[in-house]
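Colleague: Thanks for making time to go through this one with me. Could you show me the structure before we start?

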Amino acid sequence: MALRKLLCVALFVIASASLAPGGTANEAPSVVLKFYLQQQFGVNELGMVPAARAPVQGTNTGFGQEVVYEFTVTAGKSPQSKVLGYVRGTAIVVNNTAASTTFFVQNVIHYDNSNVRGTLSQQGEAIFSSVPWEYAITGGTGVFRNAYRFNVGRFISSTPTPNGNLITTYYEASVFLDR
């Protein structure tokens, strides 16, 4: 049974293209968006609210700390690959221990790839040291009007830069389009 489930998952992954239309006549159309997020910390984020509690020993963030950010969405791992849009949002530290820090994240993905244009709203909690993390897609605009489902991310790399760190993460947004 486990082998059968694994085979089904493998076939799904193989069948998914960069933007794979799906669905049947009786269900809403769906797509899988695959992209990389280029997070240039030290440049494209701004601390908005200081921590309400000091960071726990061994961590860098305190409870209640909030940042607002704008990061680039690309088609490939490299920051120089095709730009597909950007993500704007906020992240708030809602729990931190020496083992991990939990963030509440709320943001909007601005996506523009040929004739696939629109925004996706997403929110959820994430522990970025635990892979993967998942957000709920709670709506959208353009081709994503009334979209819903989930977006799963994972860490790819962290590269020091003169201004901070470039953190690259990979996402697969599974989106139902309610048309």
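Colleague: Which class of residue, nonpolar, polar or charged, has 21 members in the lining of the largest pocket?

Modeller: Happy to start there, and please keep in mind that this is a predicted model. The lining of the largest pocket includes one charged residue and 15 polar ones. The class with 21 residues in that lining is nonpolar.

Colleague: How much space lies in that largest pocket, and which residues are closest to its centre?

Modeller: The space in the largest pocket comes to about 910 Å³. There are 37 residues lining the largest pocket. Closest to its centre are Gln39, Phe41, Phe103, Phe128 and Ile167.

Colleague: Which strand gives the most to the lining of the largest pocket?

Modeller: Several strands take part, each with at least two lining residues, among them β1 (30-41), β7 (133-142), β8 (148-161) and β9 (164-176). Strands β3 and β4 also supply at least two each. The top contribution is five residues, and it comes from β5.

Colleague: Let me step back to the fold. What pattern does the protein chain follow along the sequence?

Modeller: The secondary structure amounts to one helix and nine strands. Of the chain's 179 residues, 36% count as buried. Read along the sequence, the pattern is α-β-β-β-β-β-β-β-β-β.

Colleague: Now the charged pairs. How many salt bridges does a search of the whole structure find, and which residue forms one with aspartate 112?

Modeller: The search of the whole structure finds two salt bridges. In the one with aspartate 112, the closest N and O atoms are 2.8 Å apart. Aspartate 112 is partly exposed, at a relative accessible area of 39%. Its partner, partly exposed at 49%, is arginine 117.

Colleague: And how many residues apart in sequence are the parts tied together by arginine 88 and glutamate 70?

Modeller: The side chains of arginine 88 and glutamate 70 meet in a salt bridge, with N to O at 2.5 Å. Arginine 88 lies in strand β4 (residues 83-96) and glutamate 70 in strand β3 (residues 66-74), so the pair ties together parts whose separation in sequence is 18 residues.

Colleague: Is arginine 88 buried, partly exposed or exposed?

Modeller: The relative accessibility of arginine 88 is 39%. Buried would need under 20% and exposed over 50%. Arginine 88 therefore counts as partly exposed.

Colleague: Turning to the surface, which strand gives the most to the nonpolar patch?

Modeller: The patch covers about 330 Å² and is made by Leu46, Met48, Val49 and Val68. Three of its residues come from one strand, residues 45-49. That strand is β2.

Colleague: Valine 49 is in that patch. What separates the C-alpha atoms of valine 49 and glutamate 66?

Modeller: Valine 49 lies in strand β2 and is partly exposed, with 36% relative accessibility. Along the chain, valine 49 and glutamate 66 are 17 residues apart. Their C-alpha atoms are separated by 4.9 Å.

Colleague: One last pair, please. How far apart in space are alanine 75 and leucine 37, C-alpha to C-alpha?

Modeller: Alanine 75 sits in the loop between β3 and β4. Its relative accessible area is 40%, so alanine 75 counts as partly exposed. In sequence, alanine 75 and leucine 37 are 38 residues apart. In space, C-alpha to C-alpha, the value is 9.0 Å.

Methods. Residues are numbered from 1 along each chain as its sequence is written. This is a predicted model: local features need pLDDT of at least 70, side-chain atom pairs count only at pLDDT 80 or more; totals for chains, interfaces and linings use all residues. Side-chain values use heavy atoms; hydrogens and water are left out. Patches are made of residues with over 30% relative accessible area and no salt bridge: like charges are joined within 9 Å, nonpolar side chains (Val, Leu, Ile, Met, Phe, Trp, Tyr) within 5 Å. Accessible areas come from the Shrake-Rupley method with a 1.4 Å probe; for residues, only the protein chains shown count as cover. A salt bridge is a side-chain nitrogen of Lys or Arg within 4 Å of a carboxyl oxygen of Asp or Glu. Helices (H or I, at least four residues) and strands (E, at least two) are DSSP runs, numbered from the N terminus. Buried means under 20% relative accessible area, exposed over 50%, partly exposed in between (1.4 Å probe, protein chains only). On a 1 Å grid over the protein atoms alone, a cavity is a set of points where a 1.4 Å probe fits but cannot get out, and a pocket is an open set with protein on both sides within 12 Å along at least five of seven lines; lining residues have an atom within 4 Å of a point. Grid points are joined across faces, edges and corners, and a volume is the space filled by probe spheres set on the points. Ala, Val, Leu, Ile, Met, Phe, Trp, Tyr, Cys and Pro count as nonpolar, Asp, Glu, Lys and Arg as charged, and the others, Gly among them, as polar.
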